[in-house]
Amino acid sequence: MELIVVNHEEEMSKWAAYYILRQLKQKPDSILGLATGGTPLGMYRLLRQQDKQLYAKATTFNLDEYAGLPAGHPQSYRAYMKDELFSAIELPEAQSHLPDGMADPEIECAAYEEQIEASGGIDLQILGIGSNGHIGFNEPGTPFDSRTHKVELKEETRKANQRFFDKLDDVPTHALTMGIGTILKSRKIVLLASGQEKQEALRLLLSGIQTVDVPATSLLDHPDVTVIADCAALPETVLEQAAISFSMEHLNLMMT
Ligand code: F6R
């Protein structure tokens, strides 16, 4: 696992955008795994400013969608993706995929899994991390070999996501998510973390001890994971020993 330490969220977003752009330049028909939530917002903002044609041959699969929210609901992840990225790029609609939160969950999850496999599998998966260590909506306790499935969201996850809704009662109780096993099949994984509320989850991940109680520790087995974290998200002990940290000048050069 590679760790890139950056000063703040903006640098994290720049790195994340760089990984997506590099992937698309190297392989225009890439299969991208995308995330929603607060963490990737800066990455999407940067991608909106870049070449919109880059996506013409790409395919995207999002990690998750709320169960019970129609695609047109303003808080659905389909709407989020449209607002933050899809409306600003040339990605044919048939090439973007999110689970359908209104469909029969069992049939939808099996179909989603099949679609990912039929595409040839995800080349680059972007992940955020929950403060309880979840990835996708795989809450603590989820088996590492799980496939796309319906989950009940933990109260802490619903509270964390309340900021996108008017009130807690409006936050759906369930979601459809790629499983941990699905995520682990991605050829490359980039996990983003920013802010102090992610510190404990990152401490547990970087301690190297694998446990189903911290879903992100499943990534320790994966051969190609890059964690991009800002200083606020990293515990003091990790910051002291951080193996890799790049200068922004270096990144600016790579972005051009
Ligand atoms: C989003 C997702 C979640 C979030 C995580 C962190 O598609 O799957 O795992 O990445 O809940 O959320 P934020 O970024 O809002 O802190």
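These legends go with close-up views of a pocket, two helices and two glutamate residues in a predicted model. In this predicted model, local features need pLDDT of at least 70 and side-chain atom pairs count only at pLDDT 80 or more, while totals for chains, interfaces and linings use all residues. Residues are numbered from 1 along each chain as its sequence is written, and side-chain values use heavy atoms, leaving out hydrogens and water.

**View 1. The largest pocket and its lining.** The volume of this pocket is about 500 Å³. (A pocket is an open set of points on a 1 Å grid over the protein atoms alone, where a 1.4 Å probe fits, with protein on both sides within 12 Å along at least five of seven lines; lining residues have an atom within 4 Å of a point. The volume is the space filled by probe spheres set on the points, which are joined across faces, edges and corners.) Look for T39, I129, H134, N161 and K198, which lie nearest the centre among the 26 lining residues. Helix α5 (residues 155–161) gives the most to the lining, with four residues. (Helices are DSSP runs of H or I with at least four residues, and strands are E runs of at least two, numbered from the N terminus.)

**View 2. The two sides of helix α4.** This helix covers residues 105–118 and reaches 20 Å from its first C-alpha to its last, close to the 20 Å expected at 1.5 Å a residue (1.5 Å times one less than the number of residues). Its buried residues are E108, C109, Y112, E113 and I116. They cover an arc of only 135 degrees around the axis, which puts them on the same side of α4 (the arc is that of the directions from the helix axis to the C-beta atoms). On the other side, E106, I107, E114, E117 and A118 are exposed. (Buried means under 20% relative accessible area, exposed over 50% and partly exposed in between, with a 1.4 Å probe and protein chains only.)

**View 3. E108 in helix α4.** With a relative accessible area of 15%, E108 is buried. Beyond its neighbours within four places in sequence, E108 is in contact with L98, P99, D100, A103 and L176 (heavy atoms within 4.5 Å). K150 is 42 residues from E108 in sequence, and their C-alpha atoms are 9.6 Å apart.

**View 4. E155 in helix α5.** E155 counts as partly exposed, at 40% relative accessibility. From C-alpha to C-alpha, E155 and T173 are 8.5 Å apart, with their places 18 residues apart in sequence numbering.
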